[in-house]
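Grab a viewer and a pencil, and have a go at each exercise before reading its solution.

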Amino acid sequence: MVEPVVVLLGRGRVSVDTPILRADDLGVLRGDGVFETMHVRAGQPWLLDEHLARMRRSAQLLDLDLPDEATLRELAATACDGWPAEVEAALRLVCTRGPEHGGPVTVYATVNPVAPAVRMARRTGIAVVTATLGIPADLRTAETPWLLGGAKALSYAVNMASQRWARSQSADDVLWTSLEGYALEGPTSTLVWLDGEELCTVPADTTGILAGTTAAWLLSQAERLGWRPVRRMVRPADLLQMDGVWFASSLRGVVPVRSLDGVELPPSAATPVVQEVLGYPVPAAE
């Protein structure tokens, strides 16, 4: 059993039961902060550059004083130092606004093994149900910065509530939709689909969804796979006719959507292709 790792900025590695947050930390009181989660493979964080760039964008949207990139890189390296190369893991970098009445930001990193259920979803796929966010698709833009469109903030209460509701519906995850009925994203995933020769995802700049690093990297490989990368809107009903539908995220990689609102989706011949190019290990069938 591999023990989790905790690294606190300014103190280095600490025991996992070490108190590192004050009771009045705004990250706890208000979810005021940002974070990134990275897949650790062969003992190293994958797509570190892309995750740090997104963390910087998120911090700018929150007007948060994030440490410089060199400091965050050192924190990530310290957290992953000595992690067994054969053990998949999740590296999380977290920055909160710190004490309620002023003080420095709180910054720390954790490393934990990827749960077996997360890895198994790559093979078994997931059942997904749609749920409305109750907002127009184009509401969270640069003209409404207070809505934090595109920011990966700590306030994930709605995200987690959505997934709990999905489980109450005998599903595994949620596909959020807009008031107009367009598909947006999952609470912790990016929607990706294959339409003939087009590998598609939802545009982040016009919808305020979180720009997925895993999905972006996959689309950057589309041409070598014989497809065209496309960012466009789609309705859930249209996904039933696609050549492949997946949820992409840092820890699961790409998992096939096996059903949507109770309608079964046939297995896609493209699933092994996209999973191979991403390099996430897929558990063998039992």
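Below are six exercises on this chain, which is a predicted model.

**Exercise 1. Overall build**

Work out how many helices and strands the protein chain has, and why it counts as compact as a globular protein of that length.

Step 1: Start with the secondary structure, where you should arrive at eight helices and 14 strands.

Step 2: Now take the radius of gyration, which is 19 Å for the protein chain. The globule rule gives 19 Å for 286 residues, so the chain is as compact as a globular protein of that length.

Step 3: Put a box around the C-alpha atoms along the principal axes, and you get roughly 50 × 45 × 40 Å.

Step 4: Check the inside: 51% of the 286 residues count as buried.

Step 5: Finish with the contacts. Take those between residues at least 6 apart in sequence, and 71% of them join residues at least 24 apart.

**Exercise 2. Surface and charge**

Find what share of the accessible surface belongs to carbon and sulfur atoms, then tally the positive and negative side chains.

Step 1: The accessible surface of the protein chain is about 13,400 Å², and carbon and sulfur atoms account for 53% of it.

Step 2: For the charges, you should count 25 positive and 34 negative side chains.

Step 3: Locate the centre of each set; the two centres lie 2 Å apart.

**Exercise 3. Salt bridges**

How many salt bridges does the whole structure hold, and which parts of the chain does the Glu36–Arg54 pair link?

Step 1: As background, side chains of opposite charge can pair when their charged atoms come close. Searching the whole structure turns up twelve salt bridges.

Step 2: Begin with Arg22 and Asp24, whose side chains meet at 2.8 Å, N to O. Asp24 has a relative accessibility of 18%, so it counts as buried.

Step 3: Move on to Glu36 and Arg54, a salt bridge that is also listed at 2.8 Å, N to O. This pair links distant parts of the chain: Glu36 is in strand β3 (residues 33-41) and Arg54 in helix α2 (residues 48-61), 18 residues apart. Both Glu36 and Arg54 are buried.

Step 4: Next come Glu88 and Arg122, with an N to O distance of 2.7 Å in their salt bridge. Glu88 sits in the loop between α3 (69-80) and β5 (89-96), while Arg122 belongs to helix α4 (residues 116-124), 34 residues away. Glu88 is buried at 13% relative accessibility, and Arg122 is buried at 1%.

Step 5: Look for shared partners, and you'll find Asp195, Glu197, Glu198, Arg228 and Arg232 joined into one network of salt bridges.

**Exercise 4. Positive phi**

Say where Asp63 lies and whether Leu148 is buried, exposed or partly exposed.

Step 1: Asp63 has a phi near 55 degrees, a positive value in a residue other than glycine. You'll find Asp63 in the loop between α2 and α3. With a relative accessible area of 66%, it passes the 50% mark and so counts as exposed.

Step 2: Leu148 likewise has a positive phi near 55 degrees and is not a glycine. Its place is the loop between β7 (126-132) and α5 (157-168). A relative accessible area of 28% falls between the 20% and 50% cut-offs, so Leu148 is partly exposed.

**Exercise 5. Around Trp193**

Which strand holds Trp193, and what does Trp193 touch?

Step 1: Trp193 is in strand β9 (residues 190-195). Its relative accessible area is 0%, so it is buried.

Step 2: Leave out residues up to four places away in sequence, and Trp193 still touches a list of residues including Leu199, Cys200, Val202, Met242, Gly244 and Trp246. Glu198 and Arg232, which it also touches, belong to the salt-bridge network from Exercise 3.

Step 3: Leu239 is another contact of Trp193. These two are 46 residues apart along the chain, with 7.5 Å between their C-alpha atoms.

**Exercise 6. Around Pro229**

Place Pro229 in the secondary structure and list its contacts beyond four places in sequence.

Step 1: Pro229 is in strand β11 (residues 228-231), and it is partly exposed because its relative accessibility is 35%.

Step 2: Setting aside neighbours within four places in sequence, Pro229 contacts Leu199, Leu219, Ala222 and Glu223.

Step 3: Finally, compare Pro229 with Lys152: they are 77 residues apart in sequence and 24 Å apart in space, C-alpha to C-alpha.

Notes
Residues numbered from 1 in each chain as written. Predicted model: local features only at pLDDT ≥ 70, side-chain atom pairs only at ≥ 80, totals over all residues. Heavy atoms only, no water. Helix = DSSP H or I, 4+ residues; strand = E, 2+ residues; numbered from the N terminus. Rg over C-alpha atoms; globule rule 2.2 N^0.38 Å. Buried < 20%, exposed > 50% of the residue type's maximum accessible area, 1.4 Å probe, protein only. Contact = heavy atoms within 4.5 Å. Areas by Shrake-Rupley, 256 points an atom, 1.4 Å probe, with all protein chains shown as cover. Lys, Arg positive; Asp, Glu negative; His and termini not counted. Charge placed at Lys NZ, Arg CZ, Asp CG, Glu CD. Salt bridge = Lys/Arg side-chain N within 4 Å of Asp/Glu carboxyl O.
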